[in-house]
Amino acid sequence: MARMKFLCDSERCIECNGCVTACKNENEVPWGVNRRRVVTLGDGEPGEKSISVACMHCTDAPCAAVCPVDCFYTTDDGIVLHDKDICIGCGYCSYACPFGAPQFPEKEAFAVRGKMDKCTFCAGGPEEDGSEAEREKYGRNRVSEGMLPLCAEMCATKALLAGDGDEVADIFRERSMKRSSRPDTWGWDVAYKDGSHEI
Amino acid sequence: MRSERWRCAKWSAVFLGGLLALTALVSLYVVFASSSVAADEGAKKAADATTENPRSEYWRAVRHGVSGYSAVTGPEANVLIQDSGQTWRELRNGAGLNVSAWLMAAVLLALGMLQIFKGTWKLDYRTGKTIRRWSVFDRFIHWGLALTFIALALTGLGLLFGRYVLMPLMGKEAFGAMSAVSKPVHDYVSPFFIVFLVLTLAAWMKHNVPASYDLEWLKKVGGYLTHEHAPAGFINAGEKVWYWFLILAGIVVVVSGLFLLTPNFDWTRSTMQLSSIFHIASGIGLICFSFVHMYMSTIGNEGTFEAMVGGEVDERWAQLHHDVWYDEVVADQASHEPQPERSLG
């Protein structure tokens, strides 16, 4: 069984926000809600890096752990989804989430939040696959049609990858090797003194 | 598993400390809420790392709340990863749930033991004559505060423990539907609670100034363990402690609650996380204390409940439980008693 993952290659992302737009259009998300966003670190400085971020579909999802009504569930593909019929809009998921994925539509009267909305990995929700109710509440269910999330499919530089974790990792490993660079992960200088390749 | 348990124990200790130190929390609150020191340090580290080695230490710093630029606008949309959510999760789901549950159970158990071993503290006799204790206004604000408090406590406990206690019994859908009602009830009742809280605290402050005989009352624990009477004025020392705790915990519960109530002001997530923890700690503290108050003023002590219902207490009750006040009332009545009419003949 596949374990779905997103990966954004910071060496490739050009901050075009195509993923954000693709997601908004495909899922017809409510006004004021962006399920995906691009964050540029060190903007305008040498070595700036852009990363597209949305729900990362955590294995031990903090949102699910703190939800007072337990409205989250993980699909067989490792995609974290939620039931808007159960959600009470308390906002706890947004306090717990490291990535700022949970979004709340335009506030209702008296500052009450609406139902939470977030990236579904284009996999809809608990309603019947491809049904009108599902499309209205959660957006397009592309996964049930054998397709991957549109944000990654539309990425012009193929920085944003989505799919089975093993395949995504293979693609990224190959890229890293071709760049003949050191691994991007932190801790290299700690493990190998002065960043040397010699052990 | 072991490290998980250790983490829970660690956070439990932190949480318990927090409960005890409610006083200092309000000032701490403002400092924490407005600071983003950790994030700034992270950014600096990230900047240093960029110049030296863009590919290693950089990402380590990013994990701790470094902010950048994002075309998407919204609260903290420019922060890539926030890590305080994990601390909040462990505090709330670890200590917040466990310490709270054990604390409430311990208080209820202690009160149960008191009732089993000492039973209701009965009046030895009644004189049948009553003394006015609470005016209509006093009773109105008391019951307004009590009812709004109970509504908030029940809905609040439902949001904290319901998933673990009620949901397995009711099923997910029914519990979700109930919570969808109890959450707005919690929100909309809270302003009334604040009004009643302020009224009560303001109206009764004059009764709650500590007096010298209060120490003796506290030494005897009000006589609840021996059923020997301890000295007290209009308000006994135990009630005074309850009053001052209500002020302190009340400020914390109201301030933190107002943050949680107004997400439309786009408070940062760290503000909300802190608010949530303080709200749980002060709320559970108030609930535990209210258990004691409710027990002592009803089945724990004969003749007390009628004071808040009809506003009058039996003379004997006043004499036994509030001797200093009783003496004052008697002296006051004596001085106001009309002089017997002299015969003019």
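**Close-up 1. Helix H8 of chain B and what covers it.** In this predicted model, the cover over the buried residues of H8(B) includes three helices of chain B: H6 (136-165), H7 (167-170) and H10 (237-261). Beneath that cover, the buried residues of H8(B) are Phe175(B), Gly176(B), Ser179(B), Ser182(B), Lys183(B), His186(B), Ser190(B), Phe193(B), Phe196(B) and Leu197(B). H8(B) spans residues 172-204. At Ser190(B) the helix bends by about 35°. A proline, Pro191(B), follows within four residues of the bend. Ser190(B) itself is among the buried positions.

**Close-up 2. The contact between chains A and B.** Chain A puts 45 residues into the contact, and chain B puts in 51. On the chain B side, the elements that give two or more residues are helix H3 (37-52), helix H4 (57-62), strand E1, helix H5 (84-117), H6, H8 and H11. H8(B) gives the most to this side, with nine residues. By residue class, the chain B side that touches chain A holds 21 nonpolar, 17 polar and 13 charged residues.

**Close-up 3. A sheet built from both chains.** Three strands form an open sheet in the order E3(A)-E2(A)-E1(B), and the pairing is antiparallel. E3 of chain A and E1 (69-70) of chain B stand at the edges; each has a single partner strand, so one side of each is left without a neighbour in the sheet. E2(A) joins E1(B) through two bridges in the antiparallel sense. There, Thr40(A) stands opposite Tyr69(B) of E1(B).

**Close-up 4. Strand E3 of chain A and its partner E2.** Strand E2 (residues 37-41) of chain A pairs with E3(A) over five bridges, again in the antiparallel sense. Arg37(A) stands opposite Val53(A) in E3(A). E3(A) covers residues 49-53 and is mostly covered, with five of its five residues buried. Both faces of the strand are covered. On one side sit Lys49(A), Ile51(A) and Val53(A). On the other sit Ser50(A) and Ser52(A). Val53(A), the residue opposite Arg37(A), is thus shown here as one of the buried residues.

**Close-up 5. Helices H5 and H11 of chain B side by side.** The axes of H5(B) and H11(B) come within 10 Å and cross at roughly 0°. That angle makes the two helices roughly parallel. From H5(B), the contact is made by Ser84(B), Gly85(B), Trp88(B), Leu91(B), Arg92(B), Gly96(B), Ser100(B), Leu103(B), Met104(B), Val107(B), Leu108(B) and Leu111(B). From H11(B), it is made by Arg269(B), Ser270(B), Gln273(B), Ser276(B), Ile277(B), Ile280(B), Ile284(B), Ile287(B), Cys288(B), Phe291(B), Val292(B) and Tyr295(B). The residues of this contact divide into 15 nonpolar, seven polar and two charged.

**Close-up 6. Gly283 of chain B.** Gly283(B) lies in helix H11 (residues 269-297) of chain B. Gly283(B) counts as buried because 22 C-beta neighbours lie inside 10 Å, and the cut-off for buried is 20 or more. Leaving aside neighbours within four places in sequence, Gly283(B) is in contact with Gly156(B) and Val253(B). Gly156(B) is 127 residues from Gly283(B) along the chain, yet their C-alpha atoms are separated by 8.3 Å.

Conventions:
Residues are numbered from 1 along each chain as its sequence is written. Chains are lettered from A and ligands numbered from 1 in the order in which they are written. This is a predicted model: local features need pLDDT of at least 70, side-chain atom pairs count only at pLDDT 80 or more; totals for chains, interfaces and linings use all residues. The bend at a residue is the angle between axes fitted to the seven residues ending there and the seven starting there. A residue is buried if 20 or more other C-beta atoms lie within 10 Å of its own, exposed if 12 or fewer, and partly exposed in between; C-beta atoms are placed from the backbone. Two residues are in contact if their C-beta atoms, placed from the backbone, lie within 7 Å. Two strands pair if DSSP finds at least two bridges between them. Ala, Val, Leu, Ile, Met, Phe, Trp, Tyr, Cys and Pro count as nonpolar, Asp, Glu, Lys and Arg as charged, and the others, Gly among them, as polar. Axes are lines fitted to C-alpha atoms, for helices over the stretch in contact, and angles run from 0 to 180 degrees between N-to-C directions. Angles under 35 degrees count as roughly parallel, over 145 as roughly antiparallel, 65 to 115 as roughly perpendicular and the rest as oblique.
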